[in-house]
Amino acid sequence: MSYLGVGVSPGNVPVYHGSNLKVVDRRVRLVELVLRCLICGLAVLAAVLIGSDTQVKTIFGVQKRAKFTDMKALVFLVVANGLAAAYSLVQGLRCVVSMVRGSVLFSKPLAWAIFSCDQLMTYLTLAAVAAAAQSAVYAKLGQPELQWMKICNMYGKFCNQVGEGIASALIVSLSMVVLSGISAFSLFRLYGENKGKNSARW
C-alpha cells in the first residue's frame, strides 16, 4: 500500500532519482550564472557611470562643479551597486565551480546563506534605486513649494549620465528579484525532496 492508500506493486514504489535532480540543478545553475554575470556587469556600469559623472558650469562668474557626492542618494546607489557587483562575482564563481564539478546543492545551511544574502542584496539595490530615482525627479522637475530649482536645466550632461546609471541599476535590482526567486526554489526544494523520500519509504 502507498502512503495515500492506493495499491501499487512493489516495482512501482516511488524512488528518489538523483539524475533528475542533477538535470534540474544544472539548468537552474545555468540561469543563475547568466543572471549573476548580467548583474555584475550592469552594476559595475552603473557605478562607473554615476561615480565618474561630473560637469562644470559658470554661474555669475563662479565655477560650480556637479558631482555624484553632492547627492547622498547617488552615493548610496554607487555603494550598493559596487557591493552587488562584488557579491555577484563571488556567487558567479561558485556557480562555475559547482557546474564544473557536477555537484548538486544538498547543504541546507549553505542554501539558507545564499537565500538570505540574495534577499539582502535585493532589498539593498531596490532601496538604492528608489532613493536615487526620487532625487532624480527633484533634480529634473524641482520643487516649487520648497523653492528647489530644476538642476537639470543647468547640468544637462550630468543629469543624462545619472539617468543612464539609474537605468542600469534598475535592471540590476530587477535581476536580483529574479535571483531571489531562484535561490528560494533551490532552498525549499531540499525540504520537498526530503518529504518525497519519506513518503517513498511508506
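This briefing covers the confidence, one pocket and an aromatic cluster of the structure above. The model is predicted, and its average pLDDT is 79, with 77% of the residues scoring at least 70. Two topics to look at on the way are the second largest pocket, at about 200 Å³, and the cluster formed by Trp112, Phe115 and Phe188.

**Confidence**
- Helix H2 (residues 72-101) has the highest mean pLDDT among the elements, 91, while strand S1 (residues 54-59) has the lowest, 74.
- Residues 1-17 stay under 50 in pLDDT, and the model gives them 12 contacts beyond four places in sequence.
- Residues 195-202 are also below 50, with 6 contacts beyond near neighbours in sequence.
- Where pLDDT is low, please do not read the predicted coordinates in detail.

**Second largest pocket**
- The pocket has a volume of about 200 Å³, and of its 14 lining residues, Ala136, Cys152, Cys159, Asn160 and Gly163 are the closest to the centre.
- Helices H3 (108-141) and H4 (156-201) are the elements that each give two or more residues to the lining, and H4 gives the most, with 7.
- The lining is made up of 10 nonpolar, 3 polar and 1 charged residues.

**Aromatic cluster**
- The model has 3 aromatic pairs; in one of them, Trp112 and Phe115 have ring centres 5.9 Å apart and planes at 80°, so they are edge-to-face.
- Both of these residues sit in helix H3, 3 residues apart, or about one turn of the helix.
- Trp112 also pairs edge-to-face with Phe188, at 6.0 Å between centres and 80° between planes.
- That pair joins distant parts of the chain, with Trp112 in H3 and Phe188 in H4, 76 residues apart.
- Phe115 is buried at 15% relative accessible area, whereas Trp112 at 34% and Phe188 at 43% are partly exposed.

Technical notes. Residues numbered from 1 in each chain as written. Predicted model: local features only at pLDDT ≥ 70, side-chain atom pairs only at ≥ 80, totals over all residues. Heavy atoms only, no water. pLDDT = per-residue confidence, 0-100. Helix = DSSP H or I, 4+ residues; strand = E, 2+ residues; numbered from the N terminus. Contact = heavy atoms within 4.5 Å. 1 Å grid on protein atoms, 1.4 Å probe; cavity = no way out; pocket = protein on both sides within 12 Å on 5 of 7 lines; lining within 4 Å. Points joined across faces, edges and corners; volume = space filled by probe spheres on them. Nonpolar A, V, L, I, M, F, W, Y, C, P; charged D, E, K, R; others polar. Phe/Tyr/Trp six-rings, centres within 6.5 Å; stacked < 30°, edge-to-face > 60°. Buried < 20%, exposed > 50% of the residue type's maximum accessible area, 1.4 Å probe, protein only.
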